Amino acid sequence: MINKKGSRYVKVDPWCIIEENFDKSNMRVLESLFTVSNGYIGTRGYFDEFYTGDTHIGTYVAGVFEEIYEKPSYKGVPNRTQFVVNNANWLYTRIIADGEELDLNHSNFSEYKRVLDLKKGILTREFIWHTEKGSSFKLKFERFISMTKSNVCCQKIEITSLNKSGKVKIISGVDFSHKHRIYDTNYWEGLFKSNENDYISIGCKTIKTNKISIANFKIEANKACEQGIVEGEKIIAKEMVFDIEENETIEIEKVVVINSFDRLNENLQSKNGKLCQSVFGQYSYSKLKQEHERFWERMWEEVDIEIGQDSENQQGIRFCIFQMLQAYSGMQQVVAGIGAKGLSGEVYNGNSFWDSEVYCLPFYLFTNIDAAKKLLEFRYYTLPQAQQRAKELDLKGAFYPIATIDGTESCTLWQHANLQLQVSTAVAYGLYHYYIVTKDEKFLFEKGTEILIEVCRMLESRCQLGQKDGKYGFFGVMGPDEFHMMVNNDFYTNYMAKKSLEFTIEVLKLLKAKDEKLYNEITRKTKLERNEVERWADIAKNMKIIQDPQSKVFEQHEGYFNLPHIELSTIPEDQIPIYKNWAYDRIFRYDMIKQPAVLLCMLLYSCDFSFEEKKANYDYYDLRCIHESSLSPSIHSILACELGYYDKAYEYFRYATRLDLDNYNRNTEEGLHITSLAAAWLNIVYGFGGMRSDTAPIKLAPIIPDNWSYYSFRIKYNGAVLKIVVDPQYVTIKKLKGADVELMVYDKTYTITEDEIKIPLQKRR
Ligand code: BGC
C-alpha cells in the first residue's frame, strides 16, 4: 500500500479550481495547477503583473526546443539533451498608480481569488489593491489560450477605481527575456521588432537550434489614453496612461498570436503577417472567447465524468480530463508528441516517452480521435530518426527514443536510452490499439505498416537465442520497472516484442489481401523480404516467456525470483522516495519494483491472460511494487477491480484524480503529471467501468465503489457518443449522438440504438 499525504491548496468545487487566500509559499504549485494550454502553447498560472516573490514564469510552445551537448562517450550513448525552451511571456504587464508599482509580494491587497473555470476553459484572478497613498482599485485578470486557433492567446485586464480619480499606467506586451528555469539561462537572441502594422511584433531565435518564435499582439482599450512604446533587447510593450474616475472601469483586451518557424528565411515576416492577418483581421477578443467557450461546452458534452456523492474525486477527475485535453489537441504548427509534463513545466524537458502510446493514447482514442491519430503520426514522421538511432545502437530497423522532442534521442542516461525497447513496442501496441478501436485501415496501412516493419527489424536484430534453452529473448535490457537494469528475458519486453511481431505479420497479410498495390509499394520501399517475415514468425513463436507452472506467476526477468526480498512495509517513510534516498545501485539488489510491468501487460493484452493468471500475478507483484512512479497505482487499481479486490482498488484510486491537486508527490511545482492524469481517467473507465479495448467490440464490466451513489462516463466509439451510468443496481447505456454501435457488457453483446439499455449491475468474483 502507498502512504502519501496530500495538502489542500484549492477549494473543492465540481467545476472550478479555486484559490481563495494567496499563500506565497504555494505559488509554484498553483502555477502548475492553473496552467492554460491548447497543446501548442502552454502557459503556467504565473501572475500577469510584476511579482518579486518566488515564481516560475513559463510559457512553452510545442516543438520549439533548444539543446545542450555533453562530451561524447561510448558509442551509442547519447550526448545531447533537447528541451522545450521557455518561450515568450505573452502576459507581460506592469501596473503603476499613485507612483507605486503593483507587486503582490509587497503591495497591500484584499479579497483575493483565483479561479480556473473548467467548464469554460478560462482563468481569472481578482483582488483589491490598496496603494500606500490611499487609493483602492479592483483588479480583474482573465486569460485563455484558444482551443480553436492554435496560435492565439488572450488576456484581459479590468481596473476599477473604488475611491478616487487619478492616473493609472499600464504597460502590456511580450517579453522573451526570461530564463529557462532548469538551466538558469535565457536561450533567445533578438531578431526584430516592429510596430508598423496595426499590431506589434517581436521575433527571436534560439541560439543553437535556430527555432524562430514571433509574438504579435494587439491591444484594445475601452477608453482613450496617452500611448507609447517601451522596448528592450527581447521585449516590446505598449505603455498606456489612463485618466480614471472614481467607479470607472478601464478594460484592456490583448490578443497575442505566437508563430514558430524552423528556419530563418526572407519569407518569415510575410508568412508571419499572413498568419496574423487571419486572426487580427477577423477576430476580436470577445469572438475568440465565445468560440473557445463553445468548444469546451461541446467537449464536455462528450467527455464528462460524473461521480455522485464524492465531491473531491468529482473535481479531481474533471481537472484531469481538462488538463489532458489542454495538453494535447493535435493542433500544433509542428509535428510534436505529448510531453510528460505537457506544456506546464520544464522537468522531463518537454520530452515524450512511452507514456504517450501506453497511457495517453487510450484517453484520446475515446475522447478526441484526431489527437490520437496525431500522436501516432508523430511516430510516423519521426521514423527516419528512429532508424538512425537503431544504426547508432548497431541494430537494424527503427529504435524509438526513450525521450524525445523531434524524434532523436534526448535522454543522456544510457541505461534508459540504450536498454529500454519499450517505446518501440509501445508504438506497435499503439497502432494495434488504434486500429482495433477505430478500424481505420487507411491510416494503419499507409502510415502504420512502415513503422511496424522497421520496429520488427529492430526487434529481430536485437533479440538473440539463449545458449541453453534455444529460445529467443532479449539480453541486457531494462523493462518498465526501472529498478532492475541490464536484465535478461524481461517478461514485458519479450511479451510486447512477441505481440508486435505477430501484429505486423497480420497487418501485412491484411494489406496484401485488401490493397495489393499499396502492399507492393510498401514492400518495395522498405525492401521487405519474404524470409524476414518468416523469421519474425519463428521468433514470435519461440520467444522465451518464463512462468512458474505451479503458481502461474510470470517471472519479471530471468533470475528475478531469486532476488533478495524486501518487505516494503519495513522501509521507513523518510526513505521514500527511494530513488532520492538510496544509492542508485542499492535499489537494483532487491525484488522491489518501481512500477508494474507484468501486470501492465495483463491490462494491455487483457484477453490473453486467464483470471487465475491475473490473480496469481497480482497477488505476487502487488507485495513487491513500491509505486515510485505516478504511472503505477492506477494500473494496480484497474486490475484490483477486475479481480474483485474492491478495497484495494479504491485505496489505489485515492491517489489518482488528485495527485496534482493535492500534490501527493510533492513535486507538482515542477509541472503537472500528464501521464498520471491520463491514468486517473483509465482508472475510472478501465477500472470501475471495467472497459477492455484489446478486442472488438470493446467490453464493459462495471462495478461501483461503496461510497458513490452513481457515476457516469462518456466515450466516443465507432462514430457514437455513449454515456454509461452506473449505480448500485444498474448499468444504463445511452447513445447521446451518432450511429448505432455494438459493445459487450459482462460478456454479452448489445447493440446500442436510440433506446437506452439497462442491465443489472453484477458483482465480480
Ligand atoms: C517512469 C517512466 C516514465 C517517465 C515519464 C518515470 O518515472 O518510470 O516509465 O516514462 O517517468 O513519465
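## Around the ligand

Let's start at the ligand of this predicted model. Its surroundings are made up of A340, Y348, F353, W354, D355, E482, K594, Q595, S629 and L631. Sorted by class, this shell holds five nonpolar, two polar and three charged residues.

Three side chains put a polar atom beside a ligand oxygen. For D355, an N or O atom of the side chain is 2.5 Å from an oxygen atom of the ligand. For Y348, the corresponding distance to a ligand oxygen is 2.9 Å. E482 has a polar side-chain atom 3.1 Å from an oxygen atom of the ligand. As for cover, the ligand on its own would expose 310 Å², and the protein buries 90% of that area.

## S356 in helix α5

Next in sequence after D355, one of the residues around the ligand, comes S356, which is part of helix α5. Is S356 buried or exposed? With a relative accessible area of 3%, S356 falls under the 20% cut-off and so counts as buried.

Which residues does S356 touch, leaving aside those up to four places away in sequence? They are I338, L361, L375 and R379. Two of these, L375 and R379, bring us to helix α6, where both are themselves buried.

## Helix α6

Helix α6 runs over residues 369-381, 13 residues in total. From its first C-alpha to its last it reaches 18 Å, close to the 18 Å expected at 1.5 Å a residue.

The buried residues here are A371, A372, L375, L376, E377, F378, R379 and Y380. Charged residues are therefore found among them, E377 and R379. What covers this buried set includes α5 (355-365) and α7 (383-392), along with α9 (422-438), α10 (441-462) and α12 (516-526). Helix α5, home of S356, is thus part of the cover over α6.

## Helix α18

Further along the chain, helix α18 spans residues 633-643 and is mostly covered, with eleven of its eleven residues buried. The list reads P633, S634, I635, H636, S637, I638, L639, A640, C641, E642 and L643.

What do these buried residues pack against? Helix α5 appears again, together with α16 (598-604), α17 (611-622), α19 (646-653) and α20 (674-688). So α5 is in contact with buried residues of α18, and it also helps to cover those of α6.

Just after α18 comes G644, a residue with a positive phi, near 85°.

Definitions and conventions: Residues numbered from 1 in each chain as written. Predicted model: local features only at pLDDT ≥ 70, side-chain atom pairs only at ≥ 80, totals over all residues. Heavy atoms only, no water. Helix = DSSP H or I, 4+ residues; strand = E, 2+ residues; numbered from the N terminus. Expected span 1.5 Å × (residues − 1). Buried < 20%, exposed > 50% of the residue type's maximum accessible area, 1.4 Å probe, protein only. Contact = heavy atoms within 4.5 Å. Near = heavy atom within 4 Å. Polar contact = N/O pair within 3.5 Å; in protein donor to acceptor, adjacent residues only side chain to side chain. Areas by Shrake-Rupley, 256 points an atom, 1.4 Å probe, with all protein chains shown as cover.
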